[in-house]
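Work through the two exercises below with the sequence and the coordinates at hand. Each task is followed by its solution.

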Amino acid sequence: MSEARRRAFITSVGDLLASWNLPHATGRVYGLLLVTEEPASLDAIAAELELSKGAVSTSVRQLDSWGLARVIPQPGSRRLLVEATAGIETLLEASHARARTLIAALRDGEDLVNPGPAQDRLHDVIGLFAGYVDVGEQMLSRSRVEERGNSRWRPE
């Protein structure tokens, strides 16, 4: 991958995660981790993305809380290495957790509206996010079944 294409990819992941209300820097760190072969140090991430070490540290904590990155302590050192977690499953599961939180908050507001347009709108939004989670869960379930089927040893 060319350096220009790599930078464009990292920026586009930053833009995408920013649309999920994560800081652009967090998205850029995730983009970098996705295309980095080996776990990276906070210093290496900061240098490549031209971010402060504090911004990288905050970004890594956010990614870790979403399940999108894993922090690897180094024995006998304060140095940490970071890597992106594998698979779309992690990203979907994190997104589903956020969607479930939103659904619960919206359901808490159901008793605030009278029957009519506001109630219909609220139910439509709840239904949209519930449908998103349901379809995503079906995809994850199929993926896990296929993964188990592919991981079994089969004699030739």
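The exercises concern a predicted model and treat a sheet and a pocket in turn.

**Exercise 1. The sheet**

Task: Determine the strand order of the open sheet of three strands, and place helix α2 against the sheet.

Solution:
1. The order is β1-β3-β2, and the pairing is antiparallel.
2. Pairing on one side only marks the edge strands, which are β1 (40–41) and β2 (69–73).
3. Five bridges join β2 to β3 (residues 80–84), in the antiparallel sense.
4. For the register, take Pro73: Leu80 of β3 stands opposite Pro73.
5. Helix α2, residues 24–34, packs on the sheet and touches β1, β2 and β3. The direction of α2 makes about 80° with that of β3.

**Exercise 2. The largest pocket**

Task: Give the space in the largest pocket, list the lining residues, and sort the lining by element and by class.

Solution:
1. Rolling a probe the size of a water molecule over the atoms shows where empty space is left.
2. The largest pocket holds about 170 Å³ of space.
3. Its lining consists of Trp20, Trp66, Ser95, Arg98, Ala99, Leu102, Phe129 and Tyr132.
4. Two or more lining residues come from each of α5 (88–108) and α6 (117–151). Helix α5 gives the largest share, four residues.
5. Sorted by class, the lining has six nonpolar residues, one polar residue and one charged residue.

How values were computed
Residues numbered from 1 in each chain as written. Predicted model: local features only at pLDDT ≥ 70, side-chain atom pairs only at ≥ 80, totals over all residues. Heavy atoms only, no water. Pairing = 2+ DSSP bridges. Contact = heavy atoms within 4.5 Å. Axes fitted to C-alpha atoms, helices over the stretch in contact; angles between N-to-C directions. 1 Å grid on protein atoms, 1.4 Å probe; cavity = no way out; pocket = protein on both sides within 12 Å on 5 of 7 lines; lining within 4 Å. Points joined across faces, edges and corners; volume = space filled by probe spheres on them. Nonpolar A, V, L, I, M, F, W, Y, C, P; charged D, E, K, R; others polar.
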